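Biologist: I am new to this structure, so please take one part of it, look at it closely, and then show me how its surroundings are built.

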Amino acid sequence: MRAFPGEIRRIRQRGLARKRKAPKTIWWRERDYLEGEVKAGVLILPTRGCAWGLAGGCAMCGYVYDSFPTPPDRLLTDFKKAMDELGDVEYLKIFNSGSFFDPREIDRETSYRIFDEINRHPRIRRVQVEARPEYLDRQALRGAAERLTPQLEVGIGFETVSDYIREKCINKGFTIEDFKRAVKTCIKEGVEVKAYILVKPPFLTEKEGIQDAVRSGYAAYKYGASRISLNPVAVHRDTLVEELWKRREYAPPWLWSLVKILRDLREKVHAPLLCHPTGAGKARGAHNCGRCDSRVYKAIVNFSATQKYEYLDKVLETGCACYEVWRTQLILEGFAQGIFPDDLRRL
Amino acid sequence: MDSYLETIKHQGPGRLGKFHIDEHVVPTPNFFHFTRLPGRHDLYLADLDSKTKKRPVVYDSSFFDLEKQDSNTEPFRLLPDFPSGFDVPRGIAEEALRETLLVAEKYPGHGAVVTPTRYPSLVLEALKHLGRYPLLAVSGGEKLASNPRLLVEVISLIRGAASPNTALYYPYAPVAMFPILAYMGVDLFDSAHAFLASIRGEYITESGNRNLRKMRELPCSCGACRGAEPRDFLGDGKALLKHNLSVAKAMVIQIREALREDRLREYVEEKASNDPKAMAALRILSLEKWRFLEEYAPVSSPTIQRYVSQESYNRPEVKRWHQRLRERYSPPDNVKLTIILPCSARKPYSKSRSHRMFRRYIRRGAGDKLSLVHEVVLTSPLGLVPRELEGVFPAGSYDIPVTGHWSEEEKTVCIDLLKDYLRKSGTHALAHVDGVYRDICMEAGAELGQEDILSKSALEHLSRRVAEILEDYEPGTPYFEARGICDYQFGPRAWSWLFPQGTTRKGRAFYHQGEQVAAINPATGLLALTLKGGELLLGYGRYLVEASIRPPSGNLFCVGVKDAGEEIRPGDEVVVVYNDEVVGVGRAALSGREMTEAEHGLAVNLRHRR
Ligand code: SF4
Ligand SMILES: [Zn+2]
Ligand SMILES: [Zn+2]
């Protein structure tokens with residue numbers, strides 16, 4: 001397949017040409033789970049952005065448009081300020097919309113100074129960063145793990161267990177072997193892995209999206225990931241996914257699908273399952289009929305923070321008229337036919 | 001097991017058939033049902049995971065389940081495509097097609113999907129690889145169906161490029177589009193639209209979908225509707241779905257019935273008048289793709305053709321009539337006077353009271369010079385019917401609403417054909433017509449008789465003028481009427497081959513040197529050949545079917561056809577040749593191209609063989 005990357009590159013160039021404001025470091029608090037519910041802090045560091053993404057990158061990813069080369073000093077000042085304001089979080093998640101260990105995004109020296117700053121906050125038990133497998137070499141990991149007092153966790157966008165889908169539908173640019181190698185290296189260096197699973201990559205039907213996510217979540221767990229995070233596709237600006245979405249050839253997954261995936265993984269995965277859908281309930285995010293969205297979203301978030309399946313069981317029990325539509329979609333979609341019309345959810 | 005569709009009969013590209021799937025035989029057109037639903041149906045669709053004992057089943061599975069694809073190839077399956085979607089950038093459609101073909105090419109005996117329907121050139125590319133698969137699903141569903149021009153383009157392209165033994169399946173077809181799709185050659189539909197309509201709160205009727213919330217009564221007596229009211233249907237949608245499914249299924253059965261009775265086209269016209277998209281497709285098809293329609297249109301039918309709407313005027317057999325009059329037919333040569341008459345409701349015209357009267361007065365005027373007179377009849381939508389062709393389909397069996405009002409288009413067709421006829425004939429033309437016919441004849445340069453054509457004075461005027469015009473001529477030899485039929489049927493001057501000097505007529509049969517060569521079939525008005533006739537026509541070089549075997553029985557099947565004339569249409573009289581020898585004559589079941597390309601089904605029903 002050559003043309004999909006070509007199409008992606010074309011869209012990427014168009015998006016990058018659009019004028020952007022220099023983003024600031026932003027942060028917020030949210031609920032998360034570590035052997036129990038904890039307060040987590042999320043911190044977004046603006047860097048030059050994901051190298052893979054800048055060159056074209058993944059079909060659904062618009063993070064590169066939020067990135068901006070920021071001088072290390074500025075980054076550190078912002079970081080310190082954010083840390084003070086986040087307060088007593090136990091779990092810190094640092095996202096730089098790319099790879100933390102890519103020195104072009106964050107040089108080694110700056111990363112150490114970030115770790116030093118974190119070490120000054122004794123309540124923090126765990127720190128998550130994210131990176132593509134190619135940056136997870138032993139040296140980088142060892143250096144980081146040694147420098148950082150809290151447990152280090154690396155989030156990897158595994159997306160799917162299928163090399164075919166990862167290549168053709170997502171254009172992720174690495175294979176299952178790359179992922180497995182990276183996980184092994186992490187574990188050897190005492191670093192834990194959080195695997196991101198993409199729910200409903202473009203070109204998959206709703207049902208395929210569910211099956212793929214369940215298989216992928218299970219596989220990631222088997223390969224050694226200690227936390228599994230489900231990421232339903234949200235439609236970012238200037239991405240291939242947006243192009244398809246505008247032409248009504250893609251629709252983000254249902255919230256019901258997320259409930260099903262989480263429940264299907266219950267018996268299979270003995271590790272925390274996390275899901276914080278972005279843009280839930282909106283046309284560009286995972287959504288249901290509009291009437292039940294906030295209820296189902298809350299159940300998913302409550303589950304993620306507590307790992308208690310009662311939340312999901314209860315929301316299913318209450319149900320909604322749209323549940324049947326979702327079920328019908330699972331039966332009908334995919335017979336030599338594009339996607340199930342998204343407007344049916346809103347009826 | 002081999003899977004294939006066998007055509008039983010055509011009405012245009014639409015066909016009645018038998019779909020052989022593994023060991024099952026299913027009549028077509030038919031309707032796919034999704035498993036997990038109640039009811040009895042012939043065809044089911046289910047993914048590989050569904051455990052179903054119902055057969056036959058065409059399976060579908062995810063394109064991304066590559067492991068499964070490698071293991072399970074039994075039973076008959078609809079192979080998945082790379083589901084790029086319909087309205088995607090061309091680059092994506094191209095790559096998706098490449099991926100689809102990589103998988104499909106591993107499983108030739110199965111069903112496949114033609115995905116890139118947004119791009120006809122890619123469809124053609126797909127057909128190069130998939131054209132001989134026993135089942136092709138046309139992707140694009142509701143989106144393609146809402147673009148009539150593209151729809152017609154794509155379906156006619158696929159139907160033309162795919163094997164005649166390939167069944168065409170249109171997933172997600174809106175029920176209102178079933179008839180026009182079937183007419184274009186789609187064999188299989190499904191229940192998806194019934195589901196979508198139910199979700200949308202739409203109540204499907206034979207004449208379109210209604211908003212259930214606005215309905216006061218349910219105009220249906222299916223199991224779900226009997227004794228129910230619209231508000232009973234609002235709840236979970238199950239009753240609505242049940243009704244919608246029954247209408248969708250009934251539509252398919254109506255189509256099958258219409259095909260059996262040779263009135264699919266009429267049914268399509270009727271149903272299209274309820275749906276702008278279907279009507280647009282029908283018009284585009286009739287006006288721009290009539291050659292595609294004509295190729296599959298039978299040359300005769302036992303059913304009276306009713307030309308009741310404006311769409312009827314563009315039926316393939318009507319346009320074929322116009323074309324053959326221009327290109328194949330020539331007026332008799334030793335004629336000195338052409339008499340133009342209006343059509344009659346009764347067919348053939350000569351059996352009608354008015355025509356019997358006209359002809360009595362013409363005979364009276366012509367006396368022993370009657371063979372110098374040739375009569376032609378003006379009519380819509382056929383335009384012009386030379387007397388000797390009045391029994392030929394469809395002239396011998398059509399019905400129109402007679403109002404005396406003609407559209408400009410009808411007039412133009414008529415004027416053009418009449419002018420063309422008179423130019424070829426070069427005779428004086430006398431029109432014994434009234435009303436709108438007078439304008440037409442005037443336009444074509446004919447002499448007009450009196451207006452009140454059934455009045456004694458007008459008829460006597462007719463007699464008198466015939467006598468006056470023929471005054472200076474000697475009586476001629478009678479015109480051999482079967483010439484016109486022969487040329488209309490086989491091509492220009494075909495008569496000189498089939499009826500050599502000295503051919504005689506006895507009743508409906510024609511003899512040469514004491515041996516019968518042909519006879520007029522009273523049902524179709526066309527010639528039926530004997531072996532002798534076949535040998536005579538051999539030299540003409542058309543309507544020949546070259547067999548690869550000596551036909552062992554009264555039926556020649558498509559496998560035994562090596563080559564066949566492109567001009568052959570279903571129902572045509574053909575000469576079967578084996579090793580340069582005439583081995584049979586009979587009626588073609590399919591068009592020439594189809595019987596050459598097909599591997600299954602009847603090609604020629606032999607009347608005589610040796
Ligand atoms: S998803 Fe991750 S790897 Fe892909 S382009 Fe975005 S930031 Fe880069
Ligand atoms: Zn709902
Ligand atoms: Zn009903």
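**A sheet and its surroundings**

Modeller: Five strands of chain B form an open sheet with mixed pairing, in the order β16-β15-β14-β18-β19, where strands are DSSP runs of E of at least two residues and helices runs of H or I of at least four, numbered from the N terminus, and two strands pair if DSSP finds at least two bridges between them. This is a predicted model, in which local features need pLDDT of at least 70 and side-chain atom pairs pLDDT 80 or more, while totals for chains, interfaces and linings use all residues. Residues are numbered from 1 along each chain as written, chains are lettered from A and ligands numbered from 1 in written order, and side-chain values use heavy atoms, without hydrogens or water.

The edges of the sheet are β16 (383-386) and β19 (447-448) of chain B, each of which pairs on one side only. On the β16 side, strand β15 (residues 373-379) of chain B runs antiparallel to β16(B) and is joined to it by four bridges; within this pair, B:Val376 has B:Pro386 as its bridge partner.

Further along chain B, strand β24 (residues 544-547) shows an alternation of side chains: B:Val545 and B:Ala547 point to one face and are buried, whereas B:Leu544 and B:Glu546 point to the other face and are not. Here buried means under 20% relative accessible area, exposed over 50% and partly exposed in between, with a 1.4 Å probe and protein chains only. β24(B) pairs in the parallel sense with strand β27 (residues 573-578) of chain B over three bridges, and B:Val545 has its bridge partner in B:Val576 of that strand. β24(B) is also joined by three bridges to strand β26 (residues 561-564) of chain B, this time antiparallel, and there B:Val561 is the bridge partner of B:Ala547. The two buried side chains of β24(B) thereby belong to residues that each have a named partner, B:Val545 in β27(B) and B:Ala547 in β26(B).

Strand β29 (residues 602-609) of chain B holds B:Asn605, which counts as partly exposed at 40% relative accessibility. Leaving aside residues up to four places away in sequence, B:Asn605 touches B:Gly554, B:Asn555, B:Val585, B:Gly586 and B:Arg587, where contact means heavy atoms within 4.5 Å. One of these neighbours, B:Arg587, lies 18 residues from B:Asn605 along the chain, yet their C-alpha atoms are separated by 5.2 Å.

A helix of chain B offers another view of burial. Helix α17 (residues 482-490) of chain B has eight of its nine residues buried, so it is largely enclosed by the rest of the structure. Among the buried residues are B:Ala482, B:Ile485, B:Asp487 and B:Phe490, and the helix is followed by B:Gly491, whose phi is positive, near 135 degrees.

In chain A, A:Ile118 touches A:Phe79, A:Met83, A:Leu92, A:Ile94, A:Ile124, A:Val127, A:Leu148 and A:Pro150, again not counting residues up to four places away in sequence.

Zinc appears in both chains. For the zinc ion (ligand 3), the protein donors are B:Cys220 (SG), B:Cys222 (SG), B:Cys225 (SG) and B:His243 (ND1), at 2.0 to 2.3 Å; donors are N, O and S atoms within 2.8 Å of the metal (3.2 Å for Na, K and Ca), and water is not among the atoms, so sites may look incomplete. Its four donor atoms subtend angles of 95 to 117 degrees, which makes the arrangement tetrahedral, a word that requires all angles among four donors to lie between 85 and 135 degrees. Along the chain, the donors of this ion follow the spacing C-x1-C-x2-C-x17-H. B:Cys220 is partly exposed, with a relative accessible area of 25%, whereas B:Cys222 counts as buried at 14%.

For the zinc ion (ligand 2), the protein donors are A:Cys289 (SG), A:Cys292 (SG), A:Cys320 (SG) and A:Cys322 (SG), which lie 2.2 to 2.4 Å from it. The angles that these four donor atoms subtend are 102 to 114 degrees, which makes this arrangement tetrahedral, and the spacing of the donor residues in sequence is C-x2-C-x27-C-x1-C. A:Cys292 lies in the loop between β8 (273-275) and α11 (293-306) of chain A, and A:Cys320 in the loop between α12 (310-318) and α13 (322-332) of chain A, so the pair ties together parts that are 28 residues apart in sequence. A:Cys292 is buried, with a relative accessible area of 0%, while A:Cys320 is partly exposed at 22%.

Note on methods: Four donors count as tetrahedral if all angles lie between 85 and 135 degrees; four count as square planar and six as octahedral if opposite donors are over 155 degrees apart and all others between 65 and 115; anything else is irregular.
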